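Visitor: I am new to this structure and would like to know how its labels are justified. Please take me through them one by one.

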Amino acid sequence: MPYSLGIEKLEKERPRQEKLSPEQDEKLTKDMLHMYEGLKPSKESNERRRKFLEKLARLLNDEWPGHDIQVHAFGSTENHLCMSDSDVDVCITTKWKDLEHVCKLSRALAKRGMERVVCVPGAKVPIVKIWDPEYEVACDMNVNNTLALDNTKMIKTYVEIDDRVRPLAMVIKHWTKQRILNDAGE
């Protein structure tokens with residue numbers, strides 16, 4: 001059923017099936033694995049992300065030398081749940097507290113050629129959103145919010161423990177994205 005304005009009539013409730021037949025289970029598994037293969041990012045997409053992260057680290061340390069600014073990917077880029085069109089979530093760590101004023105960061109990134117730069121200082125976790133035209137990558141970044149790095153490690157561990165987790169999680173992620181249920185801000 002499509003999720004729109006809620007004006008569609010619901011289908012008559014079908015009797016609940018407690019368990020899939022072996023044939024239904026096999027078909028569902030094949031369909032999900034086929035979808036998963038189509039959702040996985042290409043090697044080229046992964047390489048663009050990697051190069052973007054290197055570029056961002058270089059750019060920030062060139063802009064503010066001597067502040068030991070580190071760039072850490074988190075979220076789907078790191079936990080193996082990204083798709084080719086996923087953005088890159090970044091946590092910038094530094095002992096230099098001035099960078100926690102994210103609008104300072106956004107101005108420097110705009111000056112260095114990033115596009116669609118948006119500073120969101122009033123968010124629960126202040127962020128900067130950018131688009132890198134060279135690598136065609138969207139990025140959301142925060143400064144010193146390392147809890148996100150720990151959460152990413154936990155999910156990555158789940159994904160690595162059992163080969164079934166990644167395909168299932170990516171299919172669910174795709175399903176929520178198609179229904180616009182994946183935006184925490186909204």
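**Sheet, disulfide and aromatic pair**

Guide: Five strands make up an open sheet of mixed pairing, in the order β1-β2-β5-β4-β3. The model is a predicted one.

Visitor: What makes β1 and β3 the edge strands?

Guide: Each of them, β1 (70-74) and β3, pairs on one side only. From one strand to the next the twist averages 25°.

Visitor: How do you know that β4 and β5 pair, and in which sense?

Guide: Pairing requires at least two bridges between two strands. Strand β4 (residues 127-132) and strand β5 (residues 137-143) have five bridges, so they count as paired, and the sense is antiparallel. Ile-130 stands opposite Cys-139 in β5.

Visitor: Which helices pack on the sheet?

Guide: Helix α2 (residues 43-63) touches β1, β2 (88-93), β4 and β5, and its direction makes about 30° with that of β2. Helix α5 (residues 147-161) packs on the sheet too, touching β1 and β2, with its direction at about 40° to that of β1.

Visitor: Leu-149 lies in helix α5. Why is Leu-149 called buried?

Guide: The cut-off for buried is under 20% relative accessible area. Leu-149 has 16%, so Leu-149 is buried. Leaving aside residues up to four places away in sequence, Leu-149 touches His-72, Ala-73, Phe-74 and Cys-91. Ala-73 is 76 residues from Leu-149 along the chain, yet their C-alpha atoms are separated by 8.0 Å.

Visitor: Why is the link of Cys-103 and Cys-119 called a disulfide?

Guide: A disulfide needs two cysteine sulfur atoms within 2.5 Å. The sulfur atoms of Cys-103 and Cys-119 are 2.3 Å apart, so the pair meets the cut-off. A search of the whole structure finds one disulfide. The angle about the S-S bond is -95°, and the link is left-handed.

Visitor: What does the pair tie together?

Guide: Cys-103 is in helix α4 (residues 102-111) and Cys-119 is in strand β3 (residues 115-120), so parts 16 residues apart in sequence are tied together.

Visitor: Are these two cysteines buried or exposed?

Guide: Neither label fits, because partly exposed covers the range between under 20% and over 50%. Cys-103 has 26% relative accessibility and therefore counts as partly exposed. Cys-119, at 22%, also counts as partly exposed.

Visitor: How do you know that Cys-82 is in no disulfide?

Guide: The nearest cysteine sulfur, that of Cys-139, is 13 Å away from Cys-82. The limit is 2.5 Å, so Cys-82 has no partner. Cys-139 has its closest cysteine sulfur in Cys-91, at 11 Å, which is too far for a bond. Cys-82, at 5% relative accessibility, counts as buried, and Cys-139 counts as buried at 1%.

Visitor: Why is the pair of Trp-64 and Trp-96 called tilted?

Guide: Ring centres within 6.5 Å make a pair; planes under 30 degrees apart are stacked, those over 60 edge-to-face, and the rest tilted. The centres of Trp-64 and Trp-96 are 5.5 Å apart and the planes stand at 50°, so the pair is tilted. A search of the whole structure finds one aromatic pair. Trp-64 is in the loop between α2 and β1, and Trp-96, 32 residues apart from Trp-64, is in the loop between β2 and α4. Both Trp-64 and Trp-96 are buried.

Definitions and conventions: Residues numbered from 1 in each chain as written. Predicted model: local features only at pLDDT ≥ 70, side-chain atom pairs only at ≥ 80, totals over all residues. Heavy atoms only, no water. Helix = DSSP H or I, 4+ residues; strand = E, 2+ residues; numbered from the N terminus. Buried < 20%, exposed > 50% of the residue type's maximum accessible area, 1.4 Å probe, protein only. Axes fitted to C-alpha atoms, helices over the stretch in contact; angles between N-to-C directions. Contact = heavy atoms within 4.5 Å. Phe/Tyr/Trp six-rings, centres within 6.5 Å; stacked < 30°, edge-to-face > 60°.
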